[in-house]
Amino acid sequence: KAVVHWFKTDLRLQDNRALSTAFQIAKDNQIPVIGVYIVSPEDFEAHLTSPARVDFTLRTLKQLQKDLSELDIPLYVETQEKRKNIPTRIVELCQQWEAKHLCANLEYEVDELRRDAKVVRRCADHDIDFTPSHDTCVVTPGLLITGAGKQYAVYTPWFRSWLRFLKENPDYLEMSEDPGTNPGDARKQFADLFDCKIPDMPSSKSLSEKEKKRFEELYPAGEHEATRRLEKFLKEKCGDYDKNRSMLPGENTSALSPYFASGAISARTAVVTAKRANKNHLDRYDQGHMTWISEVAWRDFYRHVLVHWPFIWYGVLYYLLPPPSIHSRKSGLTDPPSMNKCFKPEATNIEWEYDADQFQAWSEGKTGFPIVDAAMRQLKHCAWMHNRTRMVVSSFLSKDLMIDWRRGERFFMEHLIDGDFASNHGGWGFGSSTGVDPQPYFRIFNPLRQSERFDPDGEYIRHWVPELRDVKGNAIHEPYSRGAGAIAQKNGYPRPIVEHAASRDRALARYKSALQG
Ligand code: FAD
């Protein structure tokens with residue numbers, strides 16, 4: 001009597017592989033499509049989803065429900081406190097609606113794959129035809145293999161292979177057909193589902209009214225906004241993206257990451273649209289467009305890495321345990337039985353520091369390193385941070401402070417509106433030299449040089465660190481040693497909590513002993 005599409009992190013109508021399949025089945029059988037989404041507060045806890053991201057998801061659901069309703073498609077949303085109940089509940093709903101078909105896009109995180117494996121079994125037990133689709137990556141994980149038959153662990157050859165694959169298999173760049181009006185009469189058969197309300201924020205996550213309003217203004221929800229951003233970015237910024245993307249002042253990147261993370265836009269749509277804007281080339285026609293496409297491809301890359309080396313996944317146990325105390329090495333970060341490992345096994349032996357005060361200074365943007373502090377305050381205010389500074393602060397935490405990168409990985413997830421396990425883990429692996437990146441560990445970011453290079457006039461710093469607003473010239477990058485100590489001190493800006501050269505030496509020695517010893 002119906003086809004159910006189970007929405008997850010694919011909160012859109014356009015270019016949605018599984019939704020398109022659901023539509024096809026519905027058309028062939030002249031039956032209605034029903035959309036379903038299960039809110040799982042336990043999942044939010046287990047995956048450290050930030051309140052900003054939960055709020056963004058709920059707002060996106062509201063918009064999606066409205067858009068679907070205009071096509072006579074109901075979106076039924078309910079909360080399941082226990083995530084383990086989701087597979088059973090999905091099947092119960094299918095039975096309740098007499099749906100013999102269930103469609104969903106696959107998510108590659110370990111917990112999600114386990115959940116979906118249960119759905120497959122439950123559907124088989126109840127004679128429901130479950131059709132999973134690969135949708136979240138442009139190129140499905142597993143399809144790019146080295147000459148030696150292995151998975152790529154290095155981005156550059158992987159990206160060449162990704163481009164080659166897309167040239168040889170253009171159907172991977174074909175966008176899925178947009179759904180039209182519901183083929184079956186859902187308004188008649190499932191009228192009550194159209195009244196379904198989107199739940200409020202779960203009690204475990206909260207935002208102040210001020211934050212809520214700010215995030216609504218910064219990131220209006222839904223796929224229309226995602227499309228608007230993409231088009232604006234391609235028109236106004238993408239051409240110079242290769243030159244400007246690392247510059248901190250101004251808006252030089254697409255700021256689409258929250259929309260990719262919730263699935264309000266697909267990576268495929270982004271690549272296809274950028275390709276079109278690049279005179280339909282997927283090679284070096286215009287450096288700006290190609291550079292942007294290669295950034296979107298990083299998202300695919302880290303998902304491929306996760307699929308091939310799932311031991312990097314933190315697994316639910318790790319996050320259901322109380323947060324490890326940062327004071328004591330004994331009760332400090334310990335590996336859960338098999339997961340949350342870094343990619344490089346030898347990096348597990350790096351000796352970390354567990355200085356709670358330094359971690360707090362980092363997280364509050366009070367390290368005395370203006371570029372680091374500006375970035376951490378941007379994160380607190382916007383639930384988002386520029387990619388350049390994500391690299392700077394992750395390197396600073398794991399090398400200058402020698403604090404276990406997983407503390408930072410966790411903190412990011414708890415605060416980012418675009419928090420995404422694969423990309424975040426990949427980014428932290430890069431910053432801490434424990435991941436797939438082949439850059440040698442001794443390339444340690446110098447916060448001062450990064451600041452001078454990517455915020456030459458100190459505009460970004462002055463914006464986010466008001467204590468330094470009156471500091472003139474290049475003293476902004478290092479006020480205490482460049483003659484602006486009096487202003488900094490008067491305004492309560494802290495002195496640097498570590499000395500970079502000495503910290504660098506310590507990091508080099510520790511990394512060397514773990515990685516080469
Ligand atoms: P643009 O520059 O416009 O790029 C377009 C899109 O490409 C992004 O939206 C993103 O989906 C993808 N992308 C770009 N760079 C990367 C990258 N290095 N890795 C993976 N995908 C990329 N990105 C997340 O989406 N979620 C995270 O939780 C996350 N955590 C990170 C943590 C660290 C320590 C680092 C160094 C990077 C992290 N990134 C993460 C990647 C990157 O910083 C953001 O995707 C980017 O800053 C988002 O801004 P944008 O949308 O304007 O990007």
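**Exercise 1. Find out how strands β1 and β4 pair, and place them in their sheet.**

Keep in mind as you work that this is a predicted model.

Step 1. Start with β1, residues 2–6, and β4, residues 99–105: these two pair in the parallel sense, over five bridges.

Step 2. Zoom in on one residue. W6 sits opposite A104 in β4.

Step 3. Now zoom out. The open sheet has five strands in the order β3-β2-β1-β4-β5, with parallel pairing. Its edges are β3 (75–79) and β5 (129–133), as each of them pairs on one side only. Going from one strand to the next, the twist averages 25°.

**Exercise 2. Describe the stretch 1–138.**

Step 1. Check the record: an unreviewed UniProt entry lists residues 1–138 as "domain: Photolyase/cryptochrome alpha/beta".

Step 2. Look at the make-up. Over residues 1–138 the chain is 48% helix and 21% strand. The end C-alpha atoms of this stretch are 33 Å apart.

**Exercise 3. Test whether the length of helix α3 agrees with its residue count.**

Step 1. Helix α3 covers residues 51–70, which makes 20 residues.

Step 2. At 1.5 Å a residue, α3 should span 28 Å.

Step 3. Compare that with the model: the end C-alpha atoms of α3 are 29 Å apart, so the two values agree.

Step 4. See what comes after the helix. α3 is followed by D72, and the phi of D72 is positive, near 65°.

**Exercise 4. Work out which parts of the chain surround the ligand, and why the ligand lies between two domains.**

Step 1. Count the neighbours: 29 residues surround the ligand, and the closest are T253, S254, N387, N424 and G427.

Step 2. Sort them by element. Those giving two or more residues to the shell are α11 (257–262), α13 (287–308), α17 (387–400) and α19 (421–432). The largest share, seven residues, comes from α19.

Step 3. Sort the shell by chemistry: you get twelve nonpolar, eleven polar and six charged residues.

Step 4. Bring in the domains. Domain 2 (210–308) and domain 3 (311–515) both give residues to the shell, so the ligand lies between them.

How values were computed. Residues numbered from 1 in each chain as written. Predicted model: local features only at pLDDT ≥ 70, side-chain atom pairs only at ≥ 80, totals over all residues. Near = placed C-beta within 6 Å. Helix = DSSP H or I, 4+ residues; strand = E, 2+ residues; numbered from the N terminus. Nonpolar A, V, L, I, M, F, W, Y, C, P; charged D, E, K, R; others polar. Domains from an automatic or database assignment. Expected span 1.5 Å × (residues − 1). UniProt positions renumbered as here; feature names shortened; annotations may be inferred. Pairing = 2+ DSSP bridges. Axes fitted to C-alpha atoms, helices over the stretch in contact; angles between N-to-C directions.
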